[in-house]
Amino acid sequence: MSLRLLIAIVQRRDMEDLRQGLAEAGFSFTHVASVGGFLMEANDTLFIVVEEAAVEQVLQVVQRYCHARTRYLSPVSPMFETGGLFPPAPVEVQVGGANVFIVPVEEWRRLG
Ligand code: 2BA
């Protein structure tokens, strides 16, 4: 049996729908609250181990519930900080839908 670990980083607002979608499709997962290193916003990371043959099915569920969104960052320029007239223009950032890393699982042991 060939297993894969899917590490899916998703936006928090998609998490509840995704949780239901995965549960309805019969997939087990572990959910860890996380923070994106760039935006420093809360997001969620899921660990999902499935047989290789089920990877595409998991990806379809993730795709269905995780949506790309535009966020705007307001950089603080040194000039504005020191009393300049105009704030710098917000920077547009596209986030998600989901970032999924697919990793082979060498071995799975349930102990106890
Ligand atoms: P964040 O690190 O907060 O990144 C949020 C969004 O900001 C990213 O969306 C991307 O559009 C942009 N971004 C990230 N780093 C950037 C940079 N150095 N310069 C310009 N723009 C940048 P996504 O790519 O969809 O990533 C969403 C979240 O997925 C990330 O949140 C992070 O938590 C995770 N992620 C993305 N790529 C990753 C990677 N290679 N390894 C680990 N986690 C990753």
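Reader: Which strands each supply at least two residues of the shell around the ligand?
Author: A quick word on the source: this is a predicted model, where local features need pLDDT of at least 70, side-chain atom pairs count only at pLDDT 80 or more, and totals for chains, interfaces and linings use all residues. Residues are numbered from 1 along each chain as its sequence is written, and side-chain values use heavy atoms, with hydrogens and water left out. Strands here are DSSP runs of E, at least two residues long, and helices are H or I runs of at least four, numbered from the N terminus. The strands you want are β5 (91-95) and β6 (98-105).

Reader: Which element gives the most to that shell?
Author: A residue joins the shell if one of its heavy atoms lies within 4 Å of the ligand. Val93, Gln94 and Val95 are among the residues that make it in. With three residues, the top giver is β5.

Reader: How many charged residues does the shell around the ligand have?
Author: Ala, Val, Leu, Ile, Met, Phe, Trp, Tyr, Cys and Pro count as nonpolar, Asp, Glu, Lys and Arg as charged, and the others, Gly among them, as polar. Six shell residues are nonpolar and six are polar, so the charged count is none.

Reader: How far does a backbone N or O atom of Gly96 lie from an oxygen atom of the ligand?
Author: Look for polar contacts, here pairs of N or O atoms within 3.5 Å. Backbone atoms of Gly37 and Phe38 reach ligand oxygens at 3.2 Å and 2.9 Å. For Gly96, it's 2.7 Å.

Reader: And how much of the ligand does the protein bury?
Author: Areas come from the Shrake-Rupley method with a 1.4 Å probe. Alone, the ligand exposes 750 Å², and the buried part is 51%.

Reader: Which pocket is the space taken by the ligand?
Author: On a 1 Å grid over the protein atoms alone, a pocket is an open set of points where a 1.4 Å probe fits, with protein on both sides within 12 Å along at least five of seven lines. A molecule sits in one if more than half of its atoms lie within 2 Å of its grid points. Here that's the largest pocket.

Reader: Which residues joined by a cis peptide bond have omega of about -10°?
Author: Check the loop between β5 and β6, the place of Gly97. The cis bond joins Gly96 and Gly97.

Terms used
Polar contact = N/O pair within 3.5 Å; in protein donor to acceptor, adjacent residues only side chain to side chain. 1 Å grid on protein atoms, 1.4 Å probe; cavity = no way out; pocket = protein on both sides within 12 Å on 5 of 7 lines; lining within 4 Å.
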